[in-house]
Amino acid sequence: MVNVSPIIDPHNWIPANVQGGQLFISLDQVAAVVRLSNSENEIYQLDTGEWLITTDGYKACNKVAGVHCISPDSILLPDGRTVGNPYIEFDPTTGTAHKFWAKHIAIGKNTLGKPYVSSATIVLDAKIAFADELSKAIEKNKDVGKYYMAGTLTDDDLKNGICMLFDGDIGIYGDRVYPEVSAAVQNFINNKRYGDKKAWTMAYKASLQRQPCMPPTKTKALNGIADVLVGSYRNEYGDKEIAEILREYTATGKVTGGEVDETSVDISKEEATEDFTFLSEGGTRF
């Protein structure tokens, strides 16, 4: 829900005396307070008590900011291949999807009104995510499972548990009697089914939240409601300007007179939540 209210001393804005108090203005900048709600899945609370802005929360903020969000047609992988976006890699043994890439680009302006391109590439490896989740469970309770070398598991192990090789001949085993193992298996299945959507969503959020006009990821909330400051510019880019900025960035990795912020993150070892705390905590506040 977008709720415009008085702005208190935004950085680099001009205080103008008006009847009833001060109004902070700028010739080029406008701003609003965006109200985010837990009930609308725009913020959520961690077990630590901290509140984070979700993907839907940043979408709500962007109704004010007007940042242009672009999903490019292709991604350049670390091995030099150019592939479609999102890209799915299939396990040669099982023939099922197991590794996913996605990229998103956001084009807005920095605090000086110059072009600002933020790009995020996300990778998710379902096997590594499973091994990491099960490994954390084993660290808490050694009875849950164990690491093993290929060919060393007993018949009882194979009968009573689940195992997976995740790095050459190195594997991880979990006893199915423990709920932590069942949870890890379910998350593994979900990652294989929806890994491309998960990676794309996180790439979208990571690129958008790195824009200077966006609020930090961590926020304060009262009764499931958070009010965050979002800045914007009155003169937005037109389609031709966006196309030219995107063309230059795609060809050179730079933007004339502007800034570029690129990030590439493997989310395989992060907690299985809607959001991930590794992401940037937002750009410079207005």
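Here are some questions and answers about how the labels on this predicted model are earned.

Q: Why is L112 called exposed?
A: A residue counts as exposed when its relative accessible area is over 50%. L112 has 70% relative accessibility, so the label "exposed" fits. You can find L112 in the loop between β10 (97-109) and β11 (115-125).

Q: What makes C61 count as buried?
A: The cut-off for buried is under 20% relative accessible area. C61 has 0% relative accessibility, so C61 counts as buried.

Q: And why is C213 called buried?
A: Its relative accessible area is 6%, and buried means under 20%, so C213 is buried too.

Q: How do you know that C61 and C213 are not joined in a disulfide?
A: For a disulfide, two cysteine sulfur atoms must lie within 2.5 Å. The sulfur of C213 is 8.8 Å from the closest cysteine sulfur, in C61, so the two are too far apart for a bond. The structure as a whole holds zero disulfides.

Q: Why is helix α1 described as largely enclosed by the rest of the structure?
A: Helix α1 covers residues 55-65, and eight of its eleven residues are buried, so the description follows. The buried ones are T55, G57, Y58, A60, C61, N62, V64 and A65.

Q: What is found at the two ends of α1?
A: At its start, a side-chain oxygen of T54 reaches to within 3.3 Å of the backbone nitrogen of D56. That fits the limit for a polar contact, a pair of N or O atoms within 3.5 Å. After the helix comes G66, with a positive phi near 70 degrees.

Q: Which residues have the most contacts inside the largest nonpolar core?
A: They are V34, L36, C61, V67, M214, V228 and V230, in a core of 20 residues. The elements giving two or more residues to this core are β3 (29-37), β5 (51-53), α1, α4 (179-209) and β16 (225-233). Helix α1 gives the most, with five residues.

Q: Which residues does V230 touch?
A: Leaving aside residues up to four places away in sequence, V230 touches V30, A31, A32, V34, C61, V64, A65, C213 and P215. Touching here means heavy atoms within 4.5 Å. Apart from this core lies another, of twelve residues, including A137, I138, M164 and F188.

Q: How do you know that β12 and β14 pair?
A: Pairing needs at least two bridges between the strands. β12 and β14 (residues 170-175) have five bridges, in the antiparallel sense. Y148 stands opposite G171 in β14.

Q: What makes β12 and β13 edge strands?
A: In the open sheet with the order β12-β14-β13, β12 (145-149) and β13 (161-167) each pair on one side only. From one strand to the next, the twist averages 25 degrees. Helix α2 (residues 126-140) packs on this sheet, touching β12, β13 and β14, and its direction makes about 55 degrees with that of β14.

Q: How do you know that β4 and β5 pair?
A: They have three bridges in the antiparallel sense, while at least two are needed. The bridge partner of I43 is I53, in β5. These strands belong to an open sheet of three strands, with the order β4-β5-β15. Its edge strands are β4 (43-45) and β15 (218-219), each pairing on one side only.

Notes: Residues numbered from 1 in each chain as written. Predicted model: local features only at pLDDT ≥ 70, side-chain atom pairs only at ≥ 80, totals over all residues. Heavy atoms only, no water. Buried < 20%, exposed > 50% of the residue type's maximum accessible area, 1.4 Å probe, protein only. Helix = DSSP H or I, 4+ residues; strand = E, 2+ residues; numbered from the N terminus. Polar contact = N/O pair within 3.5 Å; in protein donor to acceptor, adjacent residues only side chain to side chain. Core = buried A, V, L, I, M, F, W, Y, C linked by side-chain atoms within 4.5 Å. Axes fitted to C-alpha atoms, helices over the stretch in contact; angles between N-to-C directions.
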